[in-house]
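Subject: Structure for you to look at

Hello,

Here is the structure I promised to pass on. Please open it next to this email and follow along.

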Amino acid sequence: MNIISIRVGDVLELKKPHPCGERRFKVMRTGSEVRILCAGCGRDMTLERIKLEKAIKRVIPADDNTSPDI
């Protein structure tokens with residue numbers, strides 16, 4: 001299994017959208033559980049890292065983000 005590098009400040013694009021329709025989430029905290037914030041509605045969620053890694057389509061690194069206020 002390949003471990004995906006996730007850091008605080010990164011933006012994750014997931015395969016399936018949040019109920020609000022947004023696919024991008026900002027990483028707030030990492031560890032065995034990852035805390036993410038929806039870029040659309042601002043919903044705060046904590047997910048198990050393994051479950052989250054399966055749902056990630058791509059990772060946009062924090063230094064490459066075009067809109068850091070997500």
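Start with Glu33. Leave aside the neighbours within four places in sequence, and Glu33 is in contact with Thr46, Leu47, Glu48 and Arg49. One caution before you go further: this is a predicted model.

Where does Glu33 sit? Look in strand β3, which covers residues 33-38. Its relative accessible area is 39%, so Glu33 counts as partly exposed. Now find Lys51. In sequence, Glu33 and Lys51 are 18 residues apart. In space, their C-alpha atoms are 9.3 Å apart.

Gly31 makes a similar exercise. You will find Gly31 in the loop between β2 and β3. Its relative accessibility is 34%, so Gly31 is partly exposed. Along the chain, Gly31 and Arg49 are 18 residues apart. Their C-alpha atoms are separated by 7.3 Å.

Now zoom out to the whole chain. The protein chain has one helix and five strands. Trace the elements along the sequence and you get β-β-β-β-α-β. There are 70 residues, and 30% of them are buried. Take the contacts in the chain with a separation of 6 or more: 40% of them join residues 24 or more positions apart. About 4700 Å² of the protein chain is exposed. Carbon and sulfur atoms supply 49% of that area.

Next, the cysteines. How many disulfides are there? With a cut-off of 2.5 Å between two cysteine sulfur atoms, the count is zero. Cys20 is in no disulfide. The nearest cysteine sulfur to that of Cys20 belongs to Cys38, 3.5 Å away. Why is Cys41 not bonded to Cys38? The closest cysteine sulfur to that of Cys41 is in Cys38, but the distance is 3.8 Å, which is too far for a bond. Check the surface as well. Cys20 has a relative accessibility of 41%, so Cys20 is partly exposed. Cys41 is partly exposed too, with a relative accessible area of 47%.

Stay in this area for His18. Is His18 buried or exposed? His18 is buried, because its relative accessible area is 15% and the cut-off for buried is under 20%. His18 is placed in the loop between β1 (11-14) and β2 (24-29). Set aside the neighbours within four places in sequence, and the contacts of His18 are Phe25, Cys38, Cys41, Arg43 and Met45. Two cysteines from the last paragraph, Cys38 and Cys41, are in that list.

Last, the largest pocket. It holds about 210 Å³ of space. The lining has 13 residues, and the closest to the centre are Leu14, Lys16, Leu47, Leu52 and Ala55. Which elements give two or more residues to this lining? They are β4 (44-48) and α1 (49-55). The largest share comes from α1, with three residues. By type, the lining divides into nine nonpolar, one polar and three charged residues. Leu47 is worth a second look. Leu47 is among the residues closest to the pocket centre, and Leu47 is also one of the contacts of Glu33.

Try this route on screen. Begin at Glu33 in β3. Step across to Leu47, a contact of Glu33. Then go from Leu47 into the largest pocket. Finish at His18, in the loop between β1 and β2.

Best wishes

Methods. Residues numbered from 1 in each chain as written. Predicted model: local features only at pLDDT ≥ 70, side-chain atom pairs only at ≥ 80, totals over all residues. Heavy atoms only, no water. Helix = DSSP H or I, 4+ residues; strand = E, 2+ residues; numbered from the N terminus. Buried < 20%, exposed > 50% of the residue type's maximum accessible area, 1.4 Å probe, protein only. Contact = heavy atoms within 4.5 Å. Areas by Shrake-Rupley, 256 points an atom, 1.4 Å probe, with all protein chains shown as cover. 1 Å grid on protein atoms, 1.4 Å probe; cavity = no way out; pocket = protein on both sides within 12 Å on 5 of 7 lines; lining within 4 Å. Points joined across faces, edges and corners; volume = space filled by probe spheres on them. Nonpolar A, V, L, I, M, F, W, Y, C, P; charged D, E, K, R; others polar.
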